[in-house]
Amino acid sequence: MTDTIDPKSLGKVAVLMGGKSAEREVSLMSGAGVLKALQSKGVNAHAFDPAQRDIGELKRKGFKRCFIALHGRFGEDGTVQGALELLGIPYTGSGVMASSVSIDKVMTKRIWIAEGIPTPRYQMLRRGEYTREIVRAIPDDLGLPLIVKPAREGSSIGVAKVQGYSEMQEAVDAAAALDADVLCEQFVSGDEVTCPVLGTGEQARALPVIRIVAPEGNYDYQNKYFTDDTKYLVPSGLPEGEEAAIQELVVKAYRVLGCRGWGRIDVMIDSATRKPSLLEVNTSPGMSVHSLVPMAVR
């Protein structure tokens, strides 16, 4: 929020946090950070958990705006955005379509590929439709190691790095327990970076790239939120031209999905070719003490 906005003019603001997704705990941490920041600026902000209160209460209780600090399904997937559109309450972040497309990693890839944006090769499996033979053949196409993940979860929930054929079935079954669609993705070995984007349309701009150095290269749920072992390098230490190229690429990727307000795109840089591959976009990025957008803004 800029100093030119009178906090009182914003009216009563709901910080939507918690929710019903597998990322509930992370969302509560994000929401607490957002709530504290808004209140410190004099905004009349209040916590609102859609898992515990009817969303229609927002209208009845006189809320004029919503800051969405929900992550994952029922918060980042267009459902809450649609409800707020019907209630006529403005909200932060992407709209209904961009939210619902962006949470689906396979749909995101299809659009990026159509637009010539680099993303790792993949195969999708549908729960109940794959056989052991189909699962076992995937490494023949994508190589080993490879990544298996639910198509519509965040915070690295259900993600497995498969090192050998014998691990495939267990990884696919675990992901299928969380989502009807399972994404099997080529593993890109190299630097892991992320780049936040602020703004809408032609005004969208990239913030500094953050390089993530996780213990043994394992940037999982635990290392994201609950340890201090992961190193975040801002400035990234990448060559200047490389960082600028990634920033240009993520802004394009953000725009083609129709994202607005803010977001964060995760990227792998191939260590051999130094070519970037985009993994996914977060349309409601984390705002906890371990989160990356606040780090880039600072």
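This is a short walk through the strands, helices, salt bridges, unusual backbone spots and cavity of the structure shown above. Please keep in mind throughout that what we are looking at is a predicted model.

Let me start with the sheet that uses the strands β1, β2 and β3. These 3 strands form an open sheet with parallel pairing, and the order across the sheet is β2-β1-β3. The two edge strands are β2, covering residues 44-48, and β3, covering residues 65-68, and each of them pairs on one side only. From one strand to the next, the twist averages 30°. If you follow β1, which spans residues 12-16, you will find that 4 bridges join it to β3, with the two strands running parallel. To find the register of that pairing on your screen, look for Ala14, which stands opposite Cys66 in β3. Packed on this sheet is helix α3, residues 79-87, which touches both β1 and β3, and whose direction makes about 175° with that of β3. As a general reminder for anyone tracing side chains here, in a regular strand they alternate between the two faces of the sheet.

Before we leave this region, there is a backbone detail that deserves a look. Phe74 sits in the loop between β3 and α3, and this residue has a positive phi of about 65° although it is not a glycine.

Now for the sheet that contains β4. Here 4 strands form an open sheet in the order β4-β7-β5-β6, and in this case the pairing is antiparallel. The edges are taken by β4, residues 122-126, and by β6, residues 160-162, each of which pairs on one side only. When direction is ignored, neighbouring strands in this sheet are turned by 25° against each other on average. Between β4 and β7, which run antiparallel, there are 5 bridges, and within that pairing Gln123 stands opposite Cys184 in β7.

Which strands does α5 touch as it packs on this sheet? The helix touches β4, β5 (residues 146-150) and β7, and its direction makes about 145° with that of β4. Helix α6, residues 132-142, also lies across β4, β5 and β7, and it runs at about 170° to β4.

The loop that follows α6 and leads to β5 holds Pro145, and the peptide bond from Leu144 to Pro145 is cis, with omega near -5°.

I would like to turn to the charged side chains. A search of the whole structure finds 16 salt bridges, and the one I have picked out is between the side chains of Glu185 and Lys109, which meet at 2.8 Å, N to O. Because Glu185 lies in strand β7, residues 181-186, while Lys109 lies in helix α5, residues 105-114, this pair ties together parts that are 76 residues apart in sequence.

Further along the chain there is some additional strand pairing to point out. Strand β8, residues 190-198, and strand β10, residues 210-213, pair in the antiparallel sense over 3 bridges, and the bridge partner of Thr194 in β10 is Ile210. Strand β10 is in turn joined by 3 bridges to strand β11, residues 231-233, and these two strands run antiparallel; there, Arg211 stands opposite Leu233 in β11. In the loop between β11 and α9, which covers residues 240-256, you will find Pro235, and the peptide bond from Val234 to Pro235 is cis, with omega near 0°.

Finally, how many cavities of 30 Å³ or more does the count give? It comes to 1 cavity, and about 40 Å³ of space lies in the largest cavity. The residues that line the largest cavity are Ile68, Gln81, Thr92, Gly93, Ser94, Ser99, Thr283 and Ser284. Sorted by character, this lining divides into 1 nonpolar residue, 7 polar residues and no charged ones.

That is where I will stop, and I am happy to go back to any of these regions on the screen.

How values were computed
Residues are numbered from 1 along each chain as its sequence is written. This is a predicted model: local features need pLDDT of at least 70, side-chain atom pairs count only at pLDDT 80 or more; totals for chains, interfaces and linings use all residues. Side-chain values use heavy atoms; hydrogens and water are left out. Two strands pair if DSSP finds at least two bridges between them. Axes are lines fitted to C-alpha atoms, for helices over the stretch in contact, and angles run from 0 to 180 degrees between N-to-C directions. Contact means heavy atoms within 4.5 Å. On a 1 Å grid over the protein atoms alone, a cavity is a set of points where a 1.4 Å probe fits but cannot get out, and a pocket is an open set with protein on both sides within 12 Å along at least five of seven lines; lining residues have an atom within 4 Å of a point. Grid points are joined across faces, edges and corners, and a volume is the space filled by probe spheres set on the points. Ala, Val, Leu, Ile, Met, Phe, Trp, Tyr, Cys and Pro count as nonpolar, Asp, Glu, Lys and Arg as charged, and the others, Gly among them, as polar. A salt bridge is a side-chain nitrogen of Lys or Arg within 4 Å of a carboxyl oxygen of Asp or Glu.
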